[in-house]
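This report covers a pocket and a sheet. The sequence and the structure are shown below.

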Amino acid sequence: MQTAPLMQRVRGQALVRLTRSGLADLRQQGSAKAMLPRTDDPDPEVVFLNTAGGVTGGDRLDYALTLGAGARATGATQTAERAYRATGDAPGVVATQIALDAEAHLDWLPQEVILFEGAYLRRETEVALAPGATFLGVESVILGRAAHGETVTRARLDDLRSIRREGRLIHQEHLCLGPETLADPMARGAHRAFATLIYLAPDAADRLENVRSALGADGYASAWDGRLVARLAGSPAPLRRALIRAIVSLRGRPIPRVWQSDV
């Protein structure tokens with residue numbers, strides 16, 4: 001006799017490889033997709049999406065983006081990734097592999113992850129840089145939907161981001177959120193949104209003042225040893241606007257159209 005419902009699980013993989021000449025490889029299966037929309041930007045834009053509409057416990061999505069030597073591109077997601085309530089002990093997993101060959105550059109600009117009440121999400125992002133490669137990346141998290149009056153108290157997020165250059169670990173962040181953290185006013189205060197921006201390039205220190213000016217009172221930034229790191233915390237809408245200003249200051253051009261912003 002069946003005592004528990006059988007839940008359908010999402011599986012998906014999307015892989016894109018670009019060279020200076022353009023698209024070299026594209027593979028996709030399941031609910032993970034990749035598109036290369038036409039834009040006015042001289043550099044190609046890769047947009048990843050999850051056709052399932054969100055992630056819950058037991059789901060798994062794998063994305064991979066590789067740039068050949070000297071290639072330049074922007075990577076983004078079509079919309080915010082939604083992490084829905086998990087029905088068991090297994091997390092939903094979103095794994096991203098990024099590899100940049102010599103002198104390549106990537107603006108990695110996924111939109112927010114929205115954690116719903118009871119969500120359990122594990123994200124693993126690994127970036128491998130060859131000599132001379134440069135990288136701009138952003139990660140942001142929103143707790144629930146403020147417009148719906150949601151309060152998130154039981155969500156869990158295990159978010160590990162690692163960056164290596166020539167195999168050597170040069171930057172790593174591990175964000176863990178759980179019921180205890182969400183209930184602790186000293187851990188997050190009244191903030192419902194968090195974001196981190198990192199820029200790895202020889203001119204990182206030269207960009208610091210422009211980024212600080214773009215952030216204003218909504219975040220802070222520091223630069224050292226060829227990297228710039230900015231952190232933001234606050235309400236979703238103001239944080240998003242400040243984050244976009246900082247991204248634009250580093251890119252020198254607008255953010256991808258899928259962000260749907262007039263900032």
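Which strand gives the most to the lining of the largest pocket? The model is predicted, and in it strand 14 gives the most, with four residues.

**The pocket**

The volume of the largest pocket is about 380 Å³. Its lining consists of 23 residues, and F194, A195, T196, L232 and A233 lie nearest the centre. By class, the lining residues divide into nine nonpolar, six polar and eight charged. At least two lining residues come from each of the elements in the table.

| Element | Residues |
|---|---|
| Strand 12 | 134–143 |
| Strand 13 | 156–165 |
| Strand 14 | 168–177 |
| Helix 2 | 185–188 |
| Strand 15 | 193–200 |
| Strand 16 | 219–224 |
| Strand 17 | 227–234 |

**The sheet**

Strand 14 also belongs to an open sheet of seven strands, which run in the order 2-1-5-8-11-13-14 with mixed pairing. Strand 2 (22–30) and strand 14 are the edges of this sheet; each has a single partner strand, so one side of each is left without a neighbour in the sheet. On average, neighbouring strands are turned by 5° against each other, direction ignored.

Strand 13, listed in the table as a contributor to the pocket lining, comes just before strand 14 in the sheet order. Elsewhere in the sheet, strand 1 (residues 11–19) pairs with strand 5 (residues 60–67) in the parallel sense, over eight bridges. Opposite G12 stands L61, in strand 5.

Methods:
Residues numbered from 1 in each chain as written. Predicted model: local features only at pLDDT ≥ 70, side-chain atom pairs only at ≥ 80, totals over all residues. Heavy atoms only, no water. 1 Å grid on protein atoms, 1.4 Å probe; cavity = no way out; pocket = protein on both sides within 12 Å on 5 of 7 lines; lining within 4 Å. Points joined across faces, edges and corners; volume = space filled by probe spheres on them. Nonpolar A, V, L, I, M, F, W, Y, C, P; charged D, E, K, R; others polar. Pairing = 2+ DSSP bridges. Axes fitted to C-alpha atoms, helices over the stretch in contact; angles between N-to-C directions.
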